[in-house]
Amino acid sequence: MITFPDFEKVDIRLGKIIEVEDFPEARNPSYKLKIDFDSEIGTKTSSVQAVGAHTKEELRDMLVCCVVNFPPKQIGRFTSEVLTLGFPNTNGNGWILITPAKNSVKIGDRLK
């Protein structure tokens, strides 16, 4: 079990997906994302197993919640700098990404 101070160490921010590419080299069907977190954090990369749950067109401009203070993870030749959060899709294909209602939160805002 973790304590509330432990949870406060996890920096979860809202970002906007600005680029989506297929990631055919990944072991599981995935996309490569570029996510804008505004000026404080800037643009970061992430790999997400959202194929089957989201299309590339659907993901472009989507607002997503990401952990921005984990160390980068090397996935093949791609470096995933942030962890994009989601839930397993009930149909078994990909992850449903966590996104707030549009215009309800600013890009770069921290979850508290």
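**Asp22 and its partner**

I looked up Asp22 in this predicted model and noted a relative accessibility of 43%, so I entered Asp22 as partly exposed. Its side chain meets that of Lys56 in a salt bridge, with 3.2 Å from N to O. The two residues come from distant parts of the chain, since Asp22 belongs to strand β1 and Lys56 to helix α2 (residues 56-59), and they are 34 residues apart. For Lys56 I wrote down a relative accessibility of 24%, which means that Lys56, too, counts as partly exposed, the band for that class starting at 20%.

**Arg13 and Glu40**

I then turned to the salt bridge between the side chains of Arg13 and Glu40, where I noted 3.5 Å from N to O. This pair also links distant parts of the chain: Arg13 lies in strand β1 (residues 12-22), whereas Glu40 lies in the loop between β2 (31-36) and β3, 27 residues apart. Which of these two is buried and which is exposed? Arg13 has a relative accessible area of 9% and is therefore buried, given that the limit is under 20%, while Glu40 reaches 65% and is therefore exposed, given that the limit is over 50%. I followed the pair further and found that Arg13 and Glu40 are linked with Asp11 and Arg110 in a network of salt bridges.

**Lys9 and Asp6**

Next I checked Lys9, whose side chain meets that of Asp6 in a salt bridge of 3.8 Å, N to O. Lys9 is exposed, with a relative accessible area of 57%, and Asp6 counts as partly exposed at 30% relative accessibility. I closed this part with the search of the whole structure, which finds seven salt bridges.

**The largest pocket**

My last search was for open space, and I recorded a volume of about 580 Å³ for the largest pocket. How many residues line this pocket, and which of them lie nearest its centre? The lining holds 24 residues, of which Ser47, Gln49, Lys73, Ile75 and Leu83 lie nearest the centre. The elements that give two or more residues to the lining are β3 (43-48), β5 (73-75), β7 (83-84) and β9 (95-97), and I marked β3 as the one that gives the most, with three residues. By residue class, I entered the lining as eleven nonpolar, nine polar and four charged residues.

Conventions:
Residues numbered from 1 in each chain as written. Predicted model: local features only at pLDDT ≥ 70, side-chain atom pairs only at ≥ 80, totals over all residues. Heavy atoms only, no water. 1 Å grid on protein atoms, 1.4 Å probe; cavity = no way out; pocket = protein on both sides within 12 Å on 5 of 7 lines; lining within 4 Å. Points joined across faces, edges and corners; volume = space filled by probe spheres on them. Helix = DSSP H or I, 4+ residues; strand = E, 2+ residues; numbered from the N terminus. Nonpolar A, V, L, I, M, F, W, Y, C, P; charged D, E, K, R; others polar. Salt bridge = Lys/Arg side-chain N within 4 Å of Asp/Glu carboxyl O. Buried < 20%, exposed > 50% of the residue type's maximum accessible area, 1.4 Å probe, protein only.
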